[in-house]
Structures are given as C-alpha cells and as structure tokens.
Amino acid sequence: MTEQEIHTICEKYNINNYSINSDGSIDVDGNVNLVKKNLKEIPLKFNKVSGYFNCSYNKLTSLKGSPKEVESFFTCYDNKLNDLKYAPNRIGSWFDCSVNNLKNLKNSPTCVNLFFCEGNPLESLEGYNNDYDKLECENKDVLIFKTKRKEKLKILNTLLMN
C-alpha cells in the first residue's frame with residue numbers, strides 16, 4: 001500500500017494525527033473509530049494507538065491489521081470473528097470481543113485490565129491468561145472448570161508418556 005493510499009483511507013475513516021511507519025503500519029495519536037462501517041476487514045495495518053480502537057458492529061472475520069498496542073480500550077463487539085488471531089497484545093484498559101463466534105480465547109491479549117466475551121459459543125477458556133477475576137462471560141465457572149480439567153489431563157498425559 002502506498003503512502004497516498006494510506007492517507008486516502010485515513011481521510012475516509014476520519015483517522016487523524018497519525019504517522020506512517022517504514023513497514024506501512026500506522027501509529028495513531030488519538031482514537032480510531034471504525035464502528036458500523038460495514039467492514040469485512042480492517043482497512044489499514046495499525047501499530048500503536050494512544051487512545052481507543054473500536055471496530056464494533058461490522059462483518060469482520062479477522063482482526064488482521066489491528067494495532068499491537070492500544071493505550072485505552074479495544075472493542076470488536078458484534079462481528080463474525082472465529083478467533084482472536086491478530087488481537088493486540090497490550091491494552092491499557094479493557095478488551096471486548098463479545099457477540100462473535102468464538103469457541104475459545106486462543107491468541108487473546110496478555111495484558112488487559114478487564115476482558116469481556118459474552119455472547120460467544122465458548123467451549124473453553126483456552127488461550128486466556130488465567131486471571132479469571134478480570135474475565136466476564138456466561139458460564140464462567142463451568143468454563144474455568146473445563147479449562148483447568150483439560151490442563152490437568154494434558155499434564156497427566158505428558159507424565160504418562162515419560
């Protein structure tokens with residue numbers, strides 16, 4: 001993507017105060033609001049966002065292009081995500097991936113203050129960082145039990161193989 005194409009897309013989505021990095025990603029000093037834009041994919045490659053990043057109410061099937069770091073909150077509420085691949089690693093406030101098609105939490109952010117994942121057909125919490133006090137989802141206790149049981153079985157199988 002050329003710099004001119006990046007400028008055009010930033011203008012289209014009202015993204016201001018940004019700088020373009022050598023790899024074509026952008027850093028944004030402020031917020032990114034991509035709510036209800038009928039997006040099937042994130043239109044740019046983001047690196048760092050000093051405010052919030054909101055790509056809710058779209059038709060996203062992937063978080064490819066999401067920032068690596070967000071200083072405020074990140075929400076991808078109500079999309080068509082099957083996994084959290086490409087989700088930011090570090091989020092200064094909260095992360096909300098509610099109302100998607102997630103069956104587990106693989107590739108979820110490792111540094112976050114609150115984690116919301118209601119409205120997903122979760123079968124396990126596999127991939128979550130195990131800080132369950134910060135997690136909000138339906139059937140949380142059942143999912144914690146299933147996840148811990150699966151981890152214990154994995155350890156037992158490893159011990160039996162040796």
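**Entry 1: the bridge at Val49**

I looked up Val49 and found that its bridge partner in β6 is Val70. The model in which I read this pairing is a predicted one. Strand β6 covers residues 69–70, and two bridges join it to β4 in the parallel sense. I then turned to β2 and β4. Strand β2 spans residues 26–28 and β4 spans residues 46–49; the two are parallel and pair over two bridges. Within this pair I noted Ile26, whose bridge partner in β4 is Phe46.

**Entry 2: the five-stranded sheet**

I next traced the sheet to which these strands belong. Five strands form it in the order β1-β2-β4-β6-β8; the sheet is open and its pairing is mixed. I recorded β1 (18–20) and β8 as the edges; each has a single partner strand, so one side of each has no neighbour in the sheet. As a reminder to myself, strands of a sheet pair through backbone hydrogen bonds, either parallel or antiparallel.

**Entry 3: the six-stranded sheet**

Which order do the strands of the six-stranded sheet take? I read β3-β5-β7-β9-β10-β11, an open sheet with parallel pairing. Its edge strands are β3 (32–33) and β11 (135–136), each pairing on one side only. I followed the β3 edge inward: two bridges join β3 to β5 (residues 53–54), and these strands run parallel. At this junction I found Val32 opposite Phe53 of β5.

**Entry 4: two positive phi values**

I checked the loops for residues other than glycine with a positive phi. Asn38 is one of them, with a phi of about 60°. I located Asn38 in the loop between β3 and β4. Is Asn38 buried or exposed? Its relative accessible area is 53%, and Asn38 counts as exposed because the cut-off for that class is over 50%.

Asp78 also has a positive phi, of about 60°, and is not a glycine. I placed Asp78 in the loop between β7 (74–75) and β8 (90–91). At a relative accessible area of 29%, Asp78 is partly exposed, because this value lies between the 20% limit for buried and the 50% limit for exposed residues.

**Entry 5: helix α2**

I then examined α2, which has 22 residues. I compared its reach with expectation: from first C-alpha to last it extends 32 Å, close to the 32 Å expected at 1.5 Å a residue. Which residues of α2 are buried? I listed Leu143, Ile144 and Thr147. Viewed down the helix axis, the buried residues of α2 fall within an arc of 105°, so they line one face of the helix. On the other side of α2 I found exposed residues: Asp141, Phe145, Arg149, Lys152, Leu159 and Leu160.

**Entry 6: the nonpolar patch**

Last, I looked up Leu153, which I placed in α2 (residues 140–161). Its relative accessibility is 43%, so I classed Leu153 as partly exposed. Which residues form the nonpolar patch on the surface? I noted Leu153, Ile155, Leu156 and Leu159, which together have about 400 Å² of accessible area. I had already met Leu159 among the exposed residues of α2.

Notes. Residues are numbered from 1 along each chain as its sequence is written. This is a predicted model: local features need pLDDT of at least 70, side-chain atom pairs count only at pLDDT 80 or more; totals for chains, interfaces and linings use all residues. Side-chain values use heavy atoms; hydrogens and water are left out. Patches are made of residues with over 30% relative accessible area and no salt bridge: like charges are joined within 9 Å, nonpolar side chains (Val, Leu, Ile, Met, Phe, Trp, Tyr) within 5 Å. Accessible areas come from the Shrake-Rupley method with a 1.4 Å probe; for residues, only the protein chains shown count as cover. A salt bridge is a side-chain nitrogen of Lys or Arg within 4 Å of a carboxyl oxygen of Asp or Glu. Helices (H or I, at least four residues) and strands (E, at least two) are DSSP runs, numbered from the N terminus. Buried means under 20% relative accessible area, exposed over 50%, partly exposed in between (1.4 Å probe, protein chains only). Two strands pair if DSSP finds at least two bridges between them. The expected span of a helix is 1.5 Å times one less than its number of residues. The arc is that of the directions from the helix axis to the C-beta atoms.
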